[in-house]
There are 2 protein chains.
Amino acid sequence: MTRKELIDNIRSKRSCLCIGLDTDIQKIPQHLKKSNDPVFEFNKHIIDATKDLCVAYKPNLAFYESLGPTGLRSLEKTIDYISDEIFTIADAKRGDIGNTSKMYARTFFEYFDFDAVTVAPYMGKDSVAPFLEFSNKWVILLGITSNSGSNDFQMITCADNKPLYHSVIEKSQLWGSPENLMFVVGATHPKKLNQIREIAKDHFFLVPGVGAQGGDLEAVIRCGKNEDVGLLINSSREIIYAGSGLDFQDEVRKKAENIQQKMAAYC
Amino acid sequence: MTRKELIDNIRSKRSCLCIGLDTDIQKIPQHLKKSNDPVFEFNKHIIDATKDLCVAYKPNLAFYESLGPTGLRSLEKTIDYISDEIFTIADAKRGDIGNTSKMYARTFFEYFDFDAVTVAPYMGKDSVAPFLEFSNKWVILLGITSNSGSNDFQMITCADNKPLYHSVIEKSQLWGSPENLMFVVGATHPKKLNQIREIAKDHFFLVPGVGAQGGDLEAVIRCGKNEDVGLLINSSREIIYAGSGLDFQDEVRKKAENIQQKMAAYC
């Protein structure tokens, strides 16, 4: 998907909501557990209940891989089920030497046909570049993450007096453009969002950490948006586990709608 | 596997060789491509030809994932085929927020039953800790990698005048011990190996980059070993693609034997 298509979707749906499909087979409603493919069945219900309210889905690879080949099959069916008009993100946090990153890029962009993949920056340029070679596909590079461990290395002050995440966001702009490179910026750091917007004016940010992790939605939008909105705000657990009964998808829709309505004023 | 068992294996085999199973279906010998599961068939031949010469196998997840569920099935069969006496490493470079890292840990330590997994440090303590909670299982944390991109962030000088990789290796020693935490230190930085041995005296190092990537085996051993050897030296492409004909496994064995013999004097 191109940047323009993504922005058009955000404008027409008045939403920058990304729904994280962190589908844990232990946590899905009881009545779905009897189906042939409970993980896919659950995702299908979530997608049906929310597809007009969000602009992106983000399956978290760990949850699918933990079920082995069966889990990857559920993932495959999930991606096939999502309309091409919705942006899809493989939340995989990959990154390896060039020939290996190339294999990961093929996995996510060719085999599964995701629009984007999250990539960890520690291994530098040649671990990121292979993902940037696919047209209309995206790298979403970790900048500041939403977890407490983001303090351990991302915030380390470097000799140029800037924190490490700052170097990551600056340097990687030499490798990709706002047309194929986004950054992960955790919602748990709203003040930093503002500073990061200064050094990456046109790039989209994928913002996790609203909801279960405690980030404030409206603070995130105010601090992070640019003139194209420029944000994909993710909520996973708060939405997908909003209900647990036979009508769980109604609770899921209500929660997603509630978030989308808060976004509408800004999108 | 415990540290003691690993060291005993190194001593009895006089080898610290780890063979990387970066099995690319495009590169395997023609005659195996007709089998039901060419990737597993190839791995089986490699394992049969080398199991007395190496102490570890390291499948690279990217190569299996690129084939979708079928690839994970080949991986599963490969791990089951490797004797419990040989250390197995999932080269996966994972790392995510706590609840996701926990799912990855279950994937590699429970579903596949690997002994170790490579983990990227960028997301800090709570992205690494869930992997350290499994007994007799190992985290192999990226310190300095063997690729050119290691210069981009790993070598950045931090405010304490130390490079970032130094902080990673020092700080993470508060989270794990030499009994469950190793570091990746690329063979392409032999002088740094020496310095890193100073700050991580008892930890094992997984050393990639010998062979196809140009690292010098004997320099690595001299600079990196400790009194327990403390090294797993990986070779992937150089060994597994040593031959391509009907007798490829003979070439593979010859290459592995050649490396093991150089190691014998030190192990």
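Me: How many strands make up the closed barrel of chain B?
Reply: This is a predicted model, in which local features need pLDDT of at least 70, side-chain atom pairs count only at pLDDT 80 or more, and totals for chains, interfaces and linings use all residues. Strands (E, at least two residues) and helices (H or I, at least four) are DSSP runs numbered from the N terminus, and two strands pair if DSSP finds at least two bridges between them. The barrel of chain B runs S1-S2-S3-S4-S5-S6-S7-S8 with parallel pairing, and its strands number eight.

Me: Which residue in S7(B) is the bridge partner of Val184(B)?
Reply: Residues are numbered from 1 along each chain as its sequence is written, while chains are lettered from A and ligands numbered from 1 in the order written. Strand S6 (residues 181–185) of chain B runs parallel to strand S7 (residues 205–207) of chain B, and two bridges join them. In S7(B), the partner of Val184(B) is Leu206(B).

Me: In chain A, which residue of S2(A) stands opposite Ile19(A)?
Reply: Strand S1 (residues 17–21) of chain A pairs with S2(A) in the parallel sense, over four bridges. S2(A) has both faces covered, with Ala56(A) and Lys58(A) buried on one side and Tyr57(A) and Pro59(A) buried on the other. Buried means that 20 or more other C-beta atoms, placed from the backbone, lie within 10 Å of the residue's own. Opposite Ile19(A) stands Tyr57(A).

Me: How wide an arc do the buried residues of H4(B) cover around the axis?
Reply: The arc is that of the directions from the helix axis to the C-beta atoms. The buried residues are Gly71(B), Leu72(B), Ser74(B), Leu75(B), Thr78(B) and Ile79(B). They lie on the same side of H4(B), because their arc is only 155 degrees.

Me: Which helix of chain A helps cover those buried residues of H4(B)?
Reply: Chain B supplies part of the cover, including helix H2 (38–50) and strand S3 (87–94). Here, contact means C-beta atoms, placed from the backbone, within 7 Å. From chain A comes helix H4 (69–81).

Me: Which element gives the largest share of the side of chain B that touches chain A?
Reply: In all, 49 residues of chain B are in contact with 49 residues of chain A. Elements of chain B giving two or more residues include H3, H4 and helix H7 (164–172). The largest share, seven residues, comes from H5(B).

Me: What kind of axis relates chain B to chain A?
Reply: Copies are superposed by least squares on C-alpha atoms of residues with pLDDT of at least 70 in both. A turn of 180 degrees and a shift of 0.0 Å along the axis lay chain B on chain A with an RMSD of 0.0 Å. That is therefore the relation of a two-fold axis.

Terms used
Buried ≥ 20, exposed ≤ 12 C-beta atoms within 10 Å, placed from the backbone. Contact = placed C-beta atoms within 7 Å.
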